[in-house]
Amino acid sequence: MEEAFDEFLDAQPKHWLMRRTGDHVDSVVNEMGIAELPEDVPQLPRLESDFVADMLSPSPDRLRRAPAAVVLPTLGESVTEAIVTRWLKSVGETVEVNEPLLEVSTDKIDAEVPSPVAGTLLEILVDEDESAEIGAKLAVIGAAGSTDADPPPADGEELRYLPEFVLFDEDPNFAFDVVQTGEIADDGGPFNRATLTLTLDAAMPEHLARFAEEADLFQVPGLEAGVSLAVPITESDGSIRVHTVPGSTAISDETDFLATFKLTGSLVEAAYVHLTRSGKLRLEFEPTYSGYQTTLVTQPDTGFPVHGSLFRGFQFEVFGDGGITAGAPFEPPLVDRIGAYVFFPATARFHRTLPLGLTFNTDTYRSRFTITAEERTRPIIDGNDLNAFAGPRSEYRELTTLGDITTKYPSLRRVLFGQVSGTVIAVPAAYGILVTAQGALAALDSIVDESPASFSGCRFHFTFTVGPMADPIDLARLRADVLGIPEAVGRTLRVAMPGGLDSRFPSTLDGFPAGQAAFANGDGTTVQVGVDIADDRPTPATTTVNLFLQQLAATAPSPLFGTIAVRVDDDFVQPVRTQLLLNLRRTAHSDDLTTIRQPGPPPSAQAVNQGPLDLKLLRCADVRGGQGPQPIVPLGGLVLPTRQTTILPGVGAGTEVEVSRTLEVAAPLPNKAAMLKFLAFHTHTVQEVQHSLTLNAAGLNFSAEGISTIKAEITLLVNPGDPVPTLTLSASHTIDFVHVSLPVDSAFTGLDSTVLLTVTTTSGARTVSVAHDFVDEPILIVTSTTIR
């Protein structure tokens, strides 16, 4: 500051300035017998006291005060708030410095609050019988006879203002980080250490914004934001004591700065409770700023300046000159200047209080309250995490306030509540094959099998993407219902599905032991299910695959079932399991259908099938924000063909329309090849398989039937030109078989064959023709009934 002043003097010498001695700038008394710092000196506030202002006889306009705030002062170490019991002055009345202005009451004392300045009571901010926290603004006092909140500036005048310290609407730097290192507190619990970090803005007071167009407004220079955290704690005797925790600050932007506080022991638990429940924390600011002081040498120090938020100079109580303070010598020596006026650099201090309240008790910040123990960091769920040594713990618990889940929402199994995130996880009653705008997410690959156990040389691999089979109308009802539960008070809850597979616990495919199932995470809420099918003597893989395909299209109950362990979070101790159904008649759906509302009148809605598969529409409902689905209209299994549109009756008046649906699958399928519409079949690594055609007459009594031999000539309808060796059965050779090469897609098309049996008996020979599918049944059982 002093260097800037010296540079100014070198560039623009002034006759009224002689020289600067030490930290003091000497001035020559002008012809009016007063010392004056002209307007063209460097732009720094002139920290002149009322005493000096009176001596310098400034103009009345220069003496007008900006309004001063009356704040609730500290009323004792344990007092955090007070009730205004009586105002002693009314708006418009004048008041003198230190004149009693109002009366307040606490649970410990009754007290009068004096006016900090002389002037007119312009505004009362806290009415009688209302409570206020320590540091809260109670009233505004302006210049006598003033009606404005602030005096208007002179044209072209540059004004300085003291900033207000405010919190950001959304603070990206907020954090309340607790660390447990294993230290033990006096009560035997953990000794916690915490760091509280938040961002503050040194902002122009709102009521000064109107001056921005009339004058240049500048924040006071050299601002140093000293700040501390006031933490009320209830002591063992029941009294409340306010503990002060000094903070450190760092500039993060032009007017923003980070404030950091280190807390230990009981202060950590108390601060957490205040931030999340009681809202009693507050910040106490003692900022300082720089300026030039005009004073008369030997005028004693009497305190720091007090003024409103907007000032020009001449607005301070007696500030002093740095001399004769508690016997201290002049520094630097001013003995030869006794009785003269001097200008010198000075530092002023002011006070601000900012209650934190429950600003950070929102879903935006809850995950930023963290605790680190045993080298692992997780969100703080509640105060129990601080009172005990913190270990792994899930934020989720059963949501019981909704009542019986399966009765209210038939497609759901249970509902869990995330206490930190506000996420409501709806666990579906089952997962099924997911149907999207691309079709059913199901595929079958044929793969060369070179293992010694394989006799067909081929195995098959199914891949399914399964998703939550949650009825969209049930979910709409749940979203409306959670708005009214106690856990939703002051929060924004979000309904979501489980986050895929929980690999800590096994998932199974119980309904088909011949297949080897494997599970993996899909995208978002989906799960990947793989099923491997190989030869299993005497059954070839093609036969087992054919059976699996039949069961995929089975009517209820589904024979392909199992269980899936779904993910809530990594710390939820118990497995969350739900049913797995692999069935084309009971499926999960996402973007395969869209709805279009027609505003009317009357309102209506259309459903558009966006996918390649026909859909069966079960019911539809209007959904309005914050309300349950109503009305719910049954659709009776209306078939909506692929890429087609249909009218949805009775709905369209809401903000959305939800439709329950499933795939339309013929019962029974017209042929085996019809499965190719629902399943992508890939033959990347194998085109043909070895398949066994077997005849078994072990249960036939050749002697009793008088049969000597049975010869079988097999014609494969899929390729009647391919010769198949003749098989011969006798009493001593009751089983015969032959291997043939077949197209791998026979797993879909089947292996329909005509078997011509020539039966030779003691009385002659006869022929019998038998139709048989050697994929469905690789073994033709020959009995006395077969040869009749």
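In what sense do β8 and β10 pair, parallel or antiparallel, and over how many bridges? Good morning, colleagues. In the structure before you, which is a predicted model, β8 and β10 pair in the antiparallel sense, and 4 bridges connect them. As a general reminder, strands of a sheet are paired through backbone hydrogen bonds, in either a parallel or an antiparallel arrangement.

Let us place this pair in its sheet. An open sheet is formed by 4 strands in the order β3-β10-β8-β5, with antiparallel pairing. At its edges are β3 and β5, the latter covering 94–95, and each of these pairs on one side only.

I turn next to β10 itself, which spans residues 137–142. Of its 6 residues, 5 are buried, so the strand is largely enclosed by the rest of the structure. Strand β3, residues 68–71, pairs with β10 over 4 bridges, again in the antiparallel sense. Two residue pairs may help you to follow this contact. Ala 68 is opposite Ile 141 in β10, and Val 70 has Ala 139 of β10 as its bridge partner. From β8, Glu 123 stands opposite Val 140 in β10.

Now consider the loop that follows β8. Between β8 (119–124) and β9 (131–133) lies a loop that contains Asp 127. Why is Asp 127 described as partly exposed? Its relative accessibility is 43%, and the partly exposed class lies between the buried limit of under 20% and the exposed limit of over 50%. Asp 127 also belongs to a patch of negative charge on the surface, where it gathers with Glu 128, Asp 129 and Glu 130.

The final part of this presentation concerns strand β24, residues 369–373. This strand is mostly covered, with 4 of its 5 residues buried. Which strands pair with β24? One is β13, residues 175–184, which runs parallel to β24 and is joined to it by 5 bridges. Within that pairing, Phe 176 stands opposite Phe 369 of β24. Another is β25, residues 376–379, which runs antiparallel to β24 and is joined to it by 4 bridges. Here Ile 371 is opposite Arg 378 in β25. Together, β24 and β25 make a hairpin with 2 residues between them. In the turn of this hairpin, Glu 374 has a positive phi of about 55°.

To conclude, β10 takes part in antiparallel pairings with β3 and with β8, while β24 has a parallel pairing with β13 and an antiparallel one with β25. Thank you for your attention.

Conventions:
Residues numbered from 1 in each chain as written. Predicted model: local features only at pLDDT ≥ 70, side-chain atom pairs only at ≥ 80, totals over all residues. Heavy atoms only, no water. Patch = residues over 30% accessible without salt bridge, like charges linked within 9 Å, V, L, I, M, F, W, Y side chains within 5 Å. Areas by Shrake-Rupley, 256 points an atom, 1.4 Å probe, with all protein chains shown as cover. Salt bridge = Lys/Arg side-chain N within 4 Å of Asp/Glu carboxyl O. Lys, Arg positive; Asp, Glu negative; His and termini not counted. Charge placed at Lys NZ, Arg CZ, Asp CG, Glu CD. Buried < 20%, exposed > 50% of the residue type's maximum accessible area, 1.4 Å probe, protein only. Pairing = 2+ DSSP bridges.
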